[in-house]
Amino acid sequence: MTINLRDEISSKFEEMEENVLLMDGFEEAFIGYSQRINEPVLAVYSWEKMVDVLMTRDGMSDGEAMEYIDYNCLGAWVGEQTPIIVMPL
């Protein structure tokens, strides 16, 4: 049986006994997790890798990919477990 990347990531969080919200379709951009004391564990994604995913997978230009991420990902609040997107300096 082949395990896909999302299942592999989910499995690691299950081993940690953490319920973490993952972003659909951006498994290749997942870079780890973050946690503060008394706060939920949050999935962390690379903005640059997210742009690459959209350009490769969906054939978007870099501008289209950046706009998509700005509006649909950075602009989305889905509760306390909303994932973190790491931006380059």
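Q: How many aromatic pairs does this predicted model hold?
A: Since the model is predicted, the count rests on computed ring positions. Rings pair if their centres lie within 6.5 Å. By this rule the number of aromatic pairs is three.

Q: Is the pair of Phe-13 and Phe-30 stacked or edge-to-face?
A: The two ring centres are 6.1 Å apart, and the cut-off for a pair is 6.5 Å. Planes over 60 degrees apart count as edge-to-face. The planes of Phe-13 and Phe-30 stand at 90°, so this pair is edge-to-face.

Q: How many residues apart are Phe-13 and Phe-30, which link distant parts of the chain?
A: Phe-13 belongs to helix α1, while Phe-30 sits in strand β1. Their pairing therefore joins a helix to a strand, and along the chain the two are apart by 17 residues.

Q: Is Phe-13 buried or exposed, and what is its relative accessible area?
A: The limit for a buried residue is under 20% relative accessible area. Phe-13 falls under that limit, so it is buried, with a value of 5%.

Q: Is the pair of Phe-13 and Tyr-33 stacked or edge-to-face?
A: Here the ring centres of Phe-13 and Tyr-33 lie 5.9 Å apart. Their planes meet at 75°, and over 60 degrees is what the class requires. The pair is therefore edge-to-face.

Q: Which strand holds Tyr-33, the partner of Phe-13 in a pair that links distant parts of the chain?
A: Phe-13 is in helix α1, and Tyr-33 comes 20 residues away from it along the chain. Tyr-33 itself is partly exposed, at 46% relative accessible area. The strand that holds Tyr-33 is β1.

Q: Which residues form the one aromatic cluster?
A: Phe-13 pairs with Phe-30, and Phe-13 also pairs with Tyr-33. Tyr-45 belongs to the cluster as well. The full set is Phe-13, Phe-30, Tyr-33 and Tyr-45.

Q: Which residue lies over the face of Phe-26?
A: A charge sits over a ring if it is within 6 Å of the ring centre and within 35 degrees of the ring normal. The distance to the centre of the Phe-26 ring is 5.7 Å. The residue over that face is Arg-57.

Q: Why does Glu-17 count as exposed, and at what relative accessibility?
A: Glu-17 lies in the loop between α1 (5-15) and β1 (30-34), and has a positive phi of about 60° although it is not a glycine. Most residues other than glycine have a negative phi. Exposed means over 50%, and Glu-17 counts as exposed because its relative accessibility is 72%.

Q: Where is Asn-38, a residue with phi near 60°?
A: Asn-38 is a residue other than glycine, yet its phi is positive. Asn-38 is exposed, with a relative accessible area of 75%. Its place is the loop between β1 and β2 (42-46).

Q: Which backbone oxygen does the side chain of Thr-82 reach?
A: Thr-82 lies in the loop between α3 and β3 (84-86), and is buried, with a relative accessible area of 13%. A polar atom of its side chain lies 2.8 Å from the backbone nitrogen of Val-78. At 2.6 Å, the side chain of Thr-82 also reaches the backbone oxygen of Gly-79.

Q: What distance separates the C-alpha atoms of Gly-63 and Val-78?
A: Gly-63 is found in helix α3 and counts as partly exposed, at 36% relative accessibility. Val-78 is 15 residues from Gly-63 along the chain. Their C-alpha atoms are separated by 25 Å.

Q: Which helix gives the largest share of the lining of the largest pocket?
A: The largest pocket has a volume of about 260 Å³. Of its 16 lining residues, those closest to the centre are Met-23, Asn-72, Cys-73, Ala-76 and Pro-83. The lining divides into 12 nonpolar, two polar and two charged residues. Its largest share, four residues, comes from helix α3 (residues 62-74).

Q: What pattern does the protein follow along the sequence?
A: The protein has three helices and three strands, and of its 89 residues 33% count as buried. The C-alpha trace spans about 40 × 35 × 25 Å along its principal axes. Read along the sequence, the pattern is α-β-β-α-α-β.

Terms used:
Residues are numbered from 1 along each chain as its sequence is written. This is a predicted model: local features need pLDDT of at least 70, side-chain atom pairs count only at pLDDT 80 or more; totals for chains, interfaces and linings use all residues. Side-chain values use heavy atoms; hydrogens and water are left out. On a 1 Å grid over the protein atoms alone, a cavity is a set of points where a 1.4 Å probe fits but cannot get out, and a pocket is an open set with protein on both sides within 12 Å along at least five of seven lines; lining residues have an atom within 4 Å of a point. Grid points are joined across faces, edges and corners, and a volume is the space filled by probe spheres set on the points. Ala, Val, Leu, Ile, Met, Phe, Trp, Tyr, Cys and Pro count as nonpolar, Asp, Glu, Lys and Arg as charged, and the others, Gly among them, as polar. Buried means under 20% relative accessible area, exposed over 50%, partly exposed in between (1.4 Å probe, protein chains only). Rings of Phe, Tyr and Trp (its six-membered ring) pair if their centres lie within 6.5 Å; planes under 30 degrees apart count as stacked, over 60 as edge-to-face and the rest as tilted. A polar contact is a pair of N or O atoms within 3.5 Å; within protein, one must be able to donate a hydrogen and the other to accept it, and residues adjacent in sequence count only if both atoms are side-chain atoms.
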